[in-house]
Structure formats: structure tokens, C-alpha cells
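Let's take a walk through a protein with a ligand. Have the sequence and the 3D view open side by side as you read.

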Amino acid sequence: MTAADLSSASVAATRLTLPPGRTAVMGVLNVTPDSFSDGGRHATRDLALARARELIAEGADLIDVGGESTRPGAEPVSAERERARVVPLIAALRAETAVPISVDTTKASVAAEALAAGADLVNDVSAGRFDAAMLPLVAARGAGIILMHMQGTPATMQQAPAYGDVVSEVATFLAARAEAARAAGVAAHAIWVDPGIGFGKLVAHNLALLARLERLVTLGFPVVVGVSRKGFLGSLTGASVAERLPASLAAAALAALGGARVVRAHDVGATRQALAVADALARAARTRG
Ligand code: HH2
């Protein structure tokens, strides 16, 4: 490894460090025409950059850039189109901010260019299963990876999700994928895990995972949770996608109390406020007397 390699590896490691003592917020930046809550809103580079600046100003600890919707039934996007959506944006964002950037992709070729353009970690909703080149790529670049659980594929996942015990099955899956990442050469400190709320899960499955999140915390990797504006919150409250902020904040706070280290959210400022309360309560619970 050359001195330049070493220094870029240490920059990446620094950027992957989570803020101590509070739950981090990962701001969602979808540059897709069809994402379920913000599709089509950031269609030009300038609009996307402006949105990224807003997320950072609201206190995002991390920006998650996605060029392919994973909503139930979403149409797959070619690597070329996805690359064109995310890579120049990540390069432009990296030129103006040191905030960590993740690329939300399941394709190693897109991830490779996104990492070269300045992304720090890959958010792979397939946990490296859809593309065999993903884990070796992340290892070779010294990058981080979010390994997320999903039953099925985005095209089919909500057709008939079924589990025996959803929490143990998700925990076993995430432990096995973390082991696969380690075997491919990814550093342990660079692995985060995510139960994949809404990915091949009924309302009861999502609730069980949130209620017993500490089972995933015991795996020993930072736990990421994405509940923002998701369908199960609509089922519980009757709220439309646009009306789900209160329910999203309640779920974010409860995920933080359950031990999530990172919450993925569209409404960053409001989520930071909810997490400030949850984090203070968690601290109070630890300091009895
Ligand atoms: N949820 C979505 C997308 N990516 N990544 C992780 N790690 N965890 C999640 O829960 C998660 C995710 C879905 O939300 P969104 O990006 O808003 O919608 P879409 O997939 O339609 O772009």
C-alpha cells in the first residue's frame, strides 16, 4: 500500500466514525423519477445539490444518494442510467462537503464509480447478494457497507412475506452476511447492519423487528433503521405518504431507544429533534439514581 493509499484509507475510516453519544441521521437524497415519497423532486443536478445542502444544514450526519427506487414493484434501472444519476452528483457533493456520503446501490459497477467519485460507503439493500463483485469491491477500496435484510426482490417482496420468527431469521441472515463481508476482506468496523423495514415484511414483521431491535444490536455492528414515511406507518395511522412525519418521528425515536445507531430519514431537522429527546432519555435510563 502506498502512502497515498494509506492516507485515503484513514480519511475513509474517519468519515465512517459515528458521532459519540447520539443517534446519527442519514439524510435521504433520491435522484429517481419513481421513489415512493420524493420521486422526481431532485431531477436536475442543481436541484439535487440544493437538496443535499438543505439536508446538511438541517444536521445530516451522512447523505445517502440513491439512483434506483427500491419501493415494492419498482422497475429495475440499468447500471448506465443509475451511474449517470448518482456519480456526477456524488463528485459535485464531495467537492463541497466533508459529510460522509453513501451510495444506495446493489450494483458493484455503480458502487465502484461512486466510491471513486468520493462516496465513503455502500448502502446495499441486497447485502451483497445481487452482485457477487460487491463485497470484494468494498474490501478492496477500504470502504464501508450497510448490509440490509430483504425477503425476495423489490419486484416481488410484498407479495406474500412469510417468516417463522422474523427477528431470529433477520438476525441470522445479517450475521451470515456480515461473515461473508468479513471473509471477502471488509474490515469489521466498516460493517453496519439494517433489518430492512418494509422490505418483504408485513406490518407485524416490521413491528416485531422494531420492538426487539436489541437482538440485532447484539450482533456487534452499528444498526441502521429506515422507517421514514414507510407504508407500515400508513397502515397504523391512516396517514398518506405526505402526512407521515409525526409517525416517522415516533418510529425514529423508538428505534433509537431500541439501540439503532443510525436512522435513515427524509426529514432530517425534525428527526434530529426527535432523536435528541430519545437519546437524552436513553442516557437518563443508564444513569439511575
Ligand atoms: N429504505 C429505502 C431505501 N434504501 N436503505 C437502507 N439501508 N434501509 C432502508 O430502510 C432503506 C434503504 C426505501 O426508502 P426510499 O429511499 O425513500 O424510497 P425508494 O426506495 O422508493 O427510493
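What follows looks at how far to trust the model and then at the ligand and its surroundings.

This is a predicted model, so to speak: local features need pLDDT of at least 70, side-chain atom pairs count only at pLDDT 80 or more, and totals for chains, interfaces and linings use all residues. Residues are numbered from 1 along each chain as its sequence is written, and side-chain values use heavy atoms, with hydrogens and water left out.

The protein's mean pLDDT (the predictor's confidence in each residue, from 0 to 100) is 93, and 94% of its residues reach 70 or more. Residues 1–8 stay under 50, and the model gives them one contact (heavy atoms within 4.5 Å) beyond four places in sequence.

Now find the ligand. Around it are 17 residues (each with a heavy atom within 4 Å of it), and the closest are S35, S69, T70, D194 and K230. This shell holds five nonpolar, seven polar and five charged residues; Gly counts as polar here.

Zoom in on the ligand's oxygen atoms. One lies 2.4 Å from a side-chain N or O atom of S35. For the side chain of K230, the distance from a ligand oxygen to an N or O atom is 2.6 Å, and for that of N30 it is 3.1 Å. The protein covers 99% of the 480 Å² of accessible area (Shrake-Rupley method, 1.4 Å probe) that the ligand has on its own.

Terms used
A polar contact is a pair of N or O atoms within 3.5 Å; within protein, one must be able to donate a hydrogen and the other to accept it, and residues adjacent in sequence count only if both atoms are side-chain atoms.
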